[in-house]
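Subject: Structure handover

Hello,

Here is the structure I said I would pass on. Please open it alongside this message; my notes follow below.

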Amino acid sequence: MRIHFTRHGESQANLLHEISNRGLRHGLTLKGREQAAALAQQLAERPVTHIYTSPILRAIETAVIVANRLGVAYTVTDALREYDCGVLEGRADEAAWEGWRTLFEAWVVHKRWEDRIEGGESFYDIQARFEPFIAGLLQTYATTDAEIVCVGHGGLYWMMLPVVLKNVTTELIAQHKFEYAGCIVAETQPEGLVCVEWSGQPISA
């Protein structure tokens, strides 16, 4: 089994620099649609069998472009949603982003995984929806040739890929980052699920 962890294309929220992690408010820009189309072309070389997407509009629109190109249906799952920033949702001011950075540092640097923004999610909340989803995919497809595409978000992947991929660390993520419509490829190996490719660059196990 292979899982292609893909990020959505550039969205209107990215241009507005707005925290937009709920619902159907900000879709892809023209550039974002072009990025999604390029991703679809790249994935057309693989025998993709399943597509799953976050319920946030920029991810759904990315998934639709990929699904239409590949002729594969997509499924919306809350497991791939970007993490909720509570009272900071919809804001674009510097104070809001400082709050976002403070939480990011609390999780990544200080391992204070119970921390949250008022009304938002903790690291543990994200893990409680993401890790069982991946475990379910492994249980169903680990010994098959399934090729699965997951359309999600940079923040979600930054926190959760080190949880589910044996050879991914926050240091590796900081080095490679998450490009718009970028693709991180993981496959099942004897030791578990490991990353083998990051935006076209091979990664050693």
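In what order do the seven strands of the open sheet lie? The order is β3-β2-β4-β1-β5-β6-β7, and the pairing is mixed. Please keep in mind that this is a predicted model.

The edges of the sheet are β3 (74–76) and β7 (201–202). Each has a single partner strand, so one side of each is left without a neighbour in the sheet. At the β7 edge, two bridges join that strand to β6 (residues 192–198), and the two run antiparallel. One residue pair to look up there is W198 with its bridge partner Q201 in β7.

Helix α6 (residues 154–164) packs on this sheet. The strands touched by α6 are β1 (2–7), β4 (147–152), β5 (183–189) and β6. The direction of α6 makes about 155 degrees with that of β1.

Helix α6 also packs with helix α5 (residues 123–141), at an angle of about 55 degrees and with the axes 10 Å apart. Angles of 65 to 115 degrees would count as roughly perpendicular and those under 35 as roughly parallel; α5 and α6 are therefore oblique to each other. Their crossing is right-handed.

On the α5 side, the contact is made by F123, I126, Q127, R129, F130, E131 and I134. On the α6 side, L156, M159, M160, L161, V163 and V164 take part. By class, this contact has 10 nonpolar residues, one polar and two charged.

Regards

Methods:
Residues numbered from 1 in each chain as written. Predicted model: local features only at pLDDT ≥ 70, side-chain atom pairs only at ≥ 80, totals over all residues. Heavy atoms only, no water. Pairing = 2+ DSSP bridges. Helix = DSSP H or I, 4+ residues; strand = E, 2+ residues; numbered from the N terminus. Contact = heavy atoms within 4.5 Å. Axes fitted to C-alpha atoms, helices over the stretch in contact; angles between N-to-C directions. Parallel < 35°, antiparallel > 145°, perpendicular 65-115°, else oblique. Left-handed = near helix turned anticlockwise from the far one by under 90°. Nonpolar A, V, L, I, M, F, W, Y, C, P; charged D, E, K, R; others polar.
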